[in-house]
Amino acid sequence: GALLVSERIDREELCGALSPCSLSFEIVVENPLELYSGTVEIQDINDNDPVFPSSQARLEISESVPAGARFPLESAQDPDVGINSLQTYQLSSNPNFVLDVQTRVDGSKYAELVLEKELDREEQRELNLVLTALDGGSPPRSAHVQIHIDVVDANDNVPVFNQSTYKASVRENTPSGTLVTRISAYDLDDGPNGDIVYSFSSHTPAKVRELFALDSATGELRVKGQLDYEETKLYEIYLQAKDKGAVPGVAHCKVLVEVVDVNDNAPEVTVTSVYSPVPEDAAPGTVVALLSVTDLDSHDNGQDSYDVYVLENNMPGIPILNVSATDPDLGQNAHLSYTLLHGDPTVGHLFSINRENGTLYLLTSLDHEDQVEFSMMVQVQDGGFPPLATNVSVSVYVTDLNDNAPTVLYPHPNSTAAYTDVVAPGTPAGHMVTKVVAVDADAGYNAWISYTLLQATDPSLFSVGLHSGEIFTARQLREDDAPQHTLVILLKDHGEPVLSTSATVSISVAEMVKEVLTDLTDVAPASDPRKHVTFYLILAVILVSAAFFITMLSVGIFKCYKWRQSKELFNSSRSTTYRTPGPFHHIDAVRGGFMPPNFYHQVYLTTDSRQSDLLCKKPFTSSPLGSRQSTIRNGEPGLYHQIVGTASRLPTPAE
């Protein structure tokens, strides 16, 4: 009756993933004939390795993917069951990803890659990881798969010029096609994100576009039209480099093109007749005409006006121009003296000229932000008799230096009030939350401001516009995001050297403004108890002064009242007869509780109570009609004196 194994048993072949695995059979016993049923349970042993579908896996992940992103991986299979089945996964060490092992409803395991640190294609273009699957046997069996990750480029780098300002000079009347300069920018991105296209900035005047041409691929700036020094001496051209990304990055630069003068203008002589015809007996030296000579060219090509360019913040006392003139006369008649004519009162305080040699000095430091241009006249006079003189105009232009950092207007940096912007939970990416507003007192390229996110509570949540200062959500807000965020925005101009400042923006994630106000109460700065000391001191002085005034006034009134009372008592004591009262005022007697309720009186006094008699009524009876009341001339002495004593304390009608 022994039951034997006739061939090798493979549990996985017989039952697959079914557990427990059992085989049923029947046994027939003879003499006597009986039928028995039996069951054999096939127990699993760890005789199978986990198996991945393939030996390699390849993923493409953009460098713009934020931290926390998940990437499912193909699962390994292990035909064993129970503890011998697949139990866990392991990932090779790396700085960017961690492994999260999850359990399905049926108890099987699967793994997900979780991005812990954002990728940067400019630092590392690809990653190679090893994923290991382990079962629970002793010793455990394992399987491996190679994971190759290609970091896909994102347009996260803007073009950068190799210099912010280019300078070039070109002679006027230069033929079309002449190379002026070549600008160059680079972009660290790859593909279209790193391809650069050069163009004029949007605010470049149409006149500049007519005179100059820019190659969009090479960045070569060439002459296109006819340059004329007499029309414009200096061109300030703003150019930009833009990549070909979906959201292109833009960089800006400035090109200063100085037009060199060519002597292409002949002098023009204007004759103004003063005395014509000239009498034959005109005295020697009589002025008969005035000559005016002008030349549109510059410097030696044609000097009678002067344009001087001076950098702001100059050193006081420096010479800026030498006005020179000649006189063909001899001796004293050729001795020249120079005088500065003060058309503007401020010119005399700022400029001075040497009378002997015509050197013009700047007496103080100039500021481009205060005044850009100064105009004056220089008079040259000889020493003859009568003296002859001529005038020349001088224009001094103050050129800008980058001496002012950007100034933040919103949020105000010196305000004690907390500026908090509100954004609702669940706000999608690309939503504008607020805007940093700033100005720069400088001019031109020195006043161009760029905005970058310097510091943030969660750098992946917000982004700032490079040139607009607008703050956007970089991704959708989640429930686990912090309720309060502080952003530090760096503001830089484009001058040389670059000047910068920062602005702090507070953003609250809340459904209603009421929640924000509650949060602001928690973070509001503690009040300084010392700031109330002055208020309490002033209040104490006012209260003491008021108390003193009221006390003095009360004492005066009381003294006056006592003096008046004593005088009335003295006059009342002199009355010996009762006179019939004249016109009177009716005053209800004081019911002060000194007499029984039915012993009330009415007192009638004349306008001069000190000289009038008192008329007393009889006591009230129980009759509600008061029919028993009658006027009396006399009463009981006690009652009379009591009434007199009471009336003596009443004020007169005049009072």
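**Exercise 1. Find the strand partner of β14 and place both in their sheet.**

Step 1. Strand β14 pairs with strand β17 (residues 234–243) in the antiparallel sense, over 5 bridges. Strands here are DSSP runs of E with at least two residues, helices are runs of H or I with at least four residues, and both are numbered from the N terminus. Two strands count as paired if DSSP finds at least two bridges between them.

Step 2. One residue pair shows the register: Tyr198 has Ala241 in β17 as its bridge partner.

Step 3. The open sheet has 4 strands in the order β11-β18-β17-β14, and its pairing is mixed. At the edges are β11 (165–171) and β14 (196–200), each of which pairs on one side only. From one strand to the next, the twist averages 30 degrees. The axes behind such angles are lines fitted to C-alpha atoms, for helices over the stretch in contact, and the angles run from 0 to 180 degrees between N-to-C directions.

A note on the model: it is predicted, local features need pLDDT of at least 70, side-chain atom pairs count only at pLDDT 80 or more, and totals for chains, interfaces and linings use all residues. Residues are numbered from 1 along each chain as its sequence is written, and side-chain values use heavy atoms, with hydrogens and water left out.

**Exercise 2. Describe the pairings of β25.**

Step 1. Strand β25 (residues 359–362) pairs with strand β22 (residues 318–322) over 4 bridges, in the antiparallel sense. Within this pairing, Ile318 has Leu362 as its bridge partner.

Step 2. Strand β24 (residues 351–353) also runs antiparallel to β25, and 3 bridges join them. Here Tyr361 of β25 stands opposite Ser352.

Step 3. The hairpin of β24 and β25 has 5 residues between the strands, and Gly358 in this hairpin takes a positive phi near 75 degrees.

**Exercise 3. Compare the settings of three salt bridges.**

Step 1. The structure holds 14 salt bridges. A salt bridge is a side-chain nitrogen of Lys or Arg within 4 Å of a carboxyl oxygen of Asp or Glu.

Step 2. One of them joins Asp44 and Arg11, at 3.2 Å from N to O. Asp44 lies in the loop between β2 (34–42) and β3 (56–62) and Arg11 in helix α1 (residues 11–15), so the pair ties together parts 33 residues apart in sequence. Both Asp44 and Arg11 are buried. Buried means under 20% relative accessible area, exposed over 50%, and partly exposed in between (1.4 Å probe, protein chains only). Glu12 joins Arg11 and Asp44 in a network of salt bridges.

Step 3. Asp458 and Arg475 form another, with their closest N and O atoms 2.8 Å apart. Asp458 is in the loop between β32 (449–456) and β33 (462–464), and Arg475 is in the loop between β34 (470–473) and β35 (484–493), 17 residues apart. Asp458 and Arg475 are both buried.

Step 4. In the salt bridge of Asp480 with Arg478, the closest N and O atoms are 3.4 Å apart. Asp480 counts as exposed because its relative accessibility is 61%, while Arg478, at 41%, counts as partly exposed.

**Exercise 4. Name the members of a nonpolar surface patch and locate Leu23.**

Step 1. The patch consists of Val5, Ile9, Leu14 and Leu23, with about 350 Å² of accessible area together. Patch residues have over 30% relative accessible area and no salt bridge; like charges are joined within 9 Å and nonpolar side chains (Val, Leu, Ile, Met, Phe, Trp, Tyr) within 5 Å. Accessible areas come from the Shrake-Rupley method with a 1.4 Å probe, and for residues only the protein chains shown count as cover.

Step 2. Leu23 lies in strand β1 (residues 21–29). Its relative accessibility is 35%, so Leu23 counts as partly exposed.
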